[in-house]
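Ready to walk through a protein together? Take a look at what's shown below, then try each question before you read on.

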Amino acid sequence: MKGKILLTAFLAGGFTIANAQEQKAKPEDTEVYSPVPPEVKPGKKCGEAPSDAIILFDGTNLDQWVMADDRNAPAQWIVEKGVLTVNKKVGNIETKKTFNNYQLHIEWRVPANITGTGQGRGNSGVFLASIGKGDAGYELQVLDSYNNKTYTNGMAASIYKQYVPLANPTNKPGEWQTYDVIWTAPVFGSDGALVSPARVTVLFNGVLVQNNVELKGPTQYIGAPAYRQAHGPSPIKLQAHGDKSEPLSFRNIWIREL
């Protein structure tokens, strides 16, 4: 009986000490004042570039772009009335500047008179990191997915041949579509081995369609993707797909390095 009384007293004392310690703690103990985040002025309208963004296309020129297969050649797509239209005769274009982690905003539109079906209807791609000529890199698919049936890991906003989008919020042809992308680049060790894979989050017309997914490697048209080539910061590439449908267009492209 005596032992039970002592144990009860000890436990009661323990709770008293704990309560006393909590009472001594102050809200200020967990307040952080440094570092102070930089001030960034947001765009006045939804989708407008914030003050710290790098403007990749403002509707006037292609000064920030080169041909993907010949980086010494200026980009040869068509700029007219504030819009950038794919030139399928010349091939892909990519940014002069290379990027690691970033936030990207890009708008695209297939023409109202688009023809074709499946992958042959408004096909293009935003390569979130271009790692070579042609279609080498990590592709976020662009496609007319408004009442257009195809394989689901190849529809608009898919991470091509890897991840099906969580939803299909595609607007009808002739209307503008918006991608907002958060890209975390893969990291490789000094020996070229993969340390951490690429990750990506995508909002399509304001709807979350890729939620911090872990990429299995660069896009692979045939076979399974895998990390076969170490690389650092990379350009962003836009695809001139070889399908026969009418060429699509882009506008309002900006990026924030993270």
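Q: Where is the place of N147?
A: Residues are numbered from 1 along each chain as its sequence is written. This is a predicted model, where local features need pLDDT of at least 70, side-chain atom pairs count only at pLDDT 80 or more, and totals for chains, interfaces and linings use all residues, while side-chain values use heavy atoms, with hydrogens and water left out. Helices (H or I, at least four residues) and strands (E, at least two) are DSSP runs, numbered from the N terminus. Check what flanks N147, and you'll find it in the loop between β9 and β10.

Q: Is N147 buried or exposed?
A: Buried means under 20% relative accessible area, exposed over 50%, and partly exposed in between (1.4 Å probe, protein chains only). N147 has a relative accessibility of 75%. That value makes N147 exposed.

Q: What is the phi of N147?
A: Most residues other than glycine have a negative phi. N147 isn't a glycine, yet its phi is positive, at about 55 degrees.

Q: What is the phi of K81, a residue other than glycine?
A: K81 lies in the loop between β4 (78-80) and β5 (83-85). K81 is exposed, as its relative accessible area is 81%. Its phi is positive too, near 55 degrees.

Q: Which residue does a cis peptide bond join to S34?
A: Most peptide bonds are trans. Here omega is about 0 degrees, and the bond is cis. The partner is in the loop between α1 (2-24) and β1 (54-57). S34's partner is P35.

Q: How many salt bridges does a search of the whole structure find?
A: A salt bridge is a side-chain nitrogen of Lys or Arg within 4 Å of a carboxyl oxygen of Asp or Glu. Searching the whole structure for such pairs gives a total of 6.

Q: How many residues apart in sequence are the parts that R251 and E107 tie together?
A: The closest N and O atoms of this salt bridge are 2.7 Å apart. R251 is in strand β16 (residues 249-257) and E107 in strand β7 (residues 102-109), so the tied parts are separated in sequence by 144 residues.

Q: Is E107 buried or exposed?
A: Its partner R251 is partly exposed, with a relative accessible area of 30%. E107 has 8% relative accessibility. That makes E107 buried.

Q: Which residue does R121 meet in a salt bridge?
A: The N to O distance is 2.5 Å. R121 is in the loop between β7 and β8 (124-130), and its partner, 23 residues away, is in the loop between β9 (137-142) and β10 (177-184). Both residues are buried. R121's partner is D144.

Q: Which strand holds E214?
A: E214 and R199 meet in a salt bridge at 2.9 Å, N to O. R199 lies in strand β13 (residues 199-204), and its partner E214 in strand β14.

Q: Which residue's backbone nitrogen does the side chain of T201 reach?
A: T201 is found in strand β13, and at 17% relative accessibility it counts as buried. Leaving out residues up to four places away in sequence, T201 touches several others (contact means heavy atoms within 4.5 Å), including D180, V181 and L208. Its side chain gets to 2.9 Å from the backbone nitrogen of N212.

Q: How much space lies in the largest pocket?
A: On a 1 Å grid over the protein atoms alone, a cavity is a set of points where a 1.4 Å probe fits but cannot get out, and a pocket is an open set with protein on both sides within 12 Å along at least five of seven lines; lining residues have an atom within 4 Å of a point. Grid points are joined across faces, edges and corners, and a volume is the space filled by probe spheres set on the points. The lining includes F127, E139, Y160 and H241. The space is about 180 Å³.

Q: How many charged residues does the lining of the largest cavity have?
A: The structure holds 1 cavity of 30 Å³ or more, and the largest has about 40 Å³ of space. Ala, Val, Leu, Ile, Met, Phe, Trp, Tyr, Cys and Pro count as nonpolar, Asp, Glu, Lys and Arg as charged, and the others, Gly among them, as polar. Among the lining residues are F99, W183, P186 and S234. By class there are 7 nonpolar and 4 polar residues, and the number of charged ones is none.

How values were computed: Polar contact = N/O pair within 3.5 Å; in protein donor to acceptor, adjacent residues only side chain to side chain.
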